[in-house]
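The following exercises treat a single protein chain. Each task is followed by a solution in steps.

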Amino acid sequence: MAIYRFKISFEDFDEVVREIDIKSTQTFEDLHKAIHRSTGYTPEKSSSFYVSTDNWIKGDEIAYLPTQRKTDRKVSLMEASKLSNFIEDPHQKFYYIYNFERPFDFHVELIKIILATDPNIEYPYLVKSLGEAPKIIDKNNLGGVAVSANPVSTEFDFLNELNFVPEDTEELEAMGGRGINAGEKVEESEEQETQDSDEFADNDSYEDEEYKEDY
């Protein structure tokens, strides 16, 4: 029985990498769950592997918790799909989308085939883990943030609490860097102007009285 070693990396976070050894007779569901034991994300999300070209162009789909439409199309299911049945190249690639409700895209590449199992290892087995998986927010539980197994900072995360997405940077830039204190600054400015105008009003009145006494 062969062992496949897969390199798994986030498409948008190249520094986050996992390498996992798994038996050729195990399923895509086994690989799916192994990936998320290493990221700290819940595996119980609708996700799919796609047989991929060298340029990461998606082909046949292997799904987990598929939609009814996919079920009607008789898409392959992870739990029923052995890895060996989809390996056609010693450097086989799969494009993997985790959680279609709030997706993360991964590149999964076969980097090594080991011809014998190690009796002291329980497969799937995490060989290498580099980088911390990015935080995600479960929209069904906005107070709950899924993170990697690494220690979590208890500091307030302003952007994540606001359900921040990268596109929001344009709005922040449009605000001219004023940020969340903009309203306070505007109020302070208006208050200062009011005080200044009151001072000028008092001075005007004083000058009028002094002018009248001269006459």
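**Exercise 1.** Is Lys-128 buried, partly exposed or exposed? Determine also with which residue Lys-128 forms a salt bridge.

*Solution.* The model is predicted: local features need pLDDT of at least 70, side-chain atom pairs count only at pLDDT 80 or more, and totals for chains, interfaces and linings use all residues. Residues are numbered from 1 along each chain as its sequence is written, and side-chain values use heavy atoms, with hydrogens and water left out.

Step 1. Buried means under 20% relative accessible area, exposed over 50%, and partly exposed in between (1.4 Å probe, protein chains only). Lys-128 has a relative accessible area of 36%, so Lys-128 is partly exposed.

Step 2. A salt bridge requires a side-chain nitrogen of Lys or Arg within 4 Å of a carboxyl oxygen of Asp or Glu. Lys-128 forms one with Glu-19, with the closest N and O atoms 3.8 Å apart. The pair joins distant parts of the chain, since Lys-128 lies in strand E8 and Glu-19 in strand E2, 109 residues apart.

Step 3. Glu-19 has a relative accessible area of 11% and is therefore buried.

**Exercise 2.** Examine the salt bridges of Arg-5 and Glu-61.

*Solution.* Step 1. The count of salt bridges comes to 5. In one of these, Arg-5 pairs with Asp-21 at 2.7 Å between the closest N and O atoms. Arg-5 belongs to strand E1 (residues 3-10) and Asp-21 to strand E2 (residues 17-23), 16 residues apart.

Step 2. Arg-5 counts as buried because its relative accessibility is 17%; Asp-21 is buried at 4%.

Step 3. Glu-61 and Arg-73 meet in a salt bridge of 3.7 Å, N to O. Glu-61 is in strand E4, whereas Arg-73 is in the loop between helix H2 (68-72) and E5. Glu-61 is buried at 10%, while Arg-73 is partly exposed at 47%. A network of salt bridges links Glu-61, Lys-70 and Arg-73.

**Exercise 3.** In what order do the strands of the open sheet lie, and which are its edge strands?

*Solution.* Step 1. Strands (E, at least two residues) and helices (H or I, at least four) are DSSP runs, numbered from the N terminus. The chain has 5 helices and 10 strands.

Step 2. Two strands pair if DSSP finds at least two bridges between them. An open sheet of 8 strands has the order E5-E4-E3-E6-E7-E1-E2-E8, with mixed pairing. Its edges are E5 (76-77) and E8 (125-130), each of which pairs on one side only.

Step 3. E4 (residues 58-64) pairs with E5 in the parallel sense over 2 bridges; Ala-63 has Leu-77 in E5 as its bridge partner.

**Exercise 4.** Compare the expected span of helix H1 with the distance between its end C-alpha atoms, and describe its burial.

*Solution.* Step 1. The expected span is 1.5 Å times one less than the number of residues. H1 (residues 28-39) has 12 residues and should therefore span 16 Å; its end C-alpha atoms are 17 Å apart, which agrees.

Step 2. H1 is mostly covered, with 9 of its 12 residues buried, including Phe-28, Leu-31 and Ile-35.

Step 3. Just after H1, Gly-40 adopts a positive phi of about 90°.
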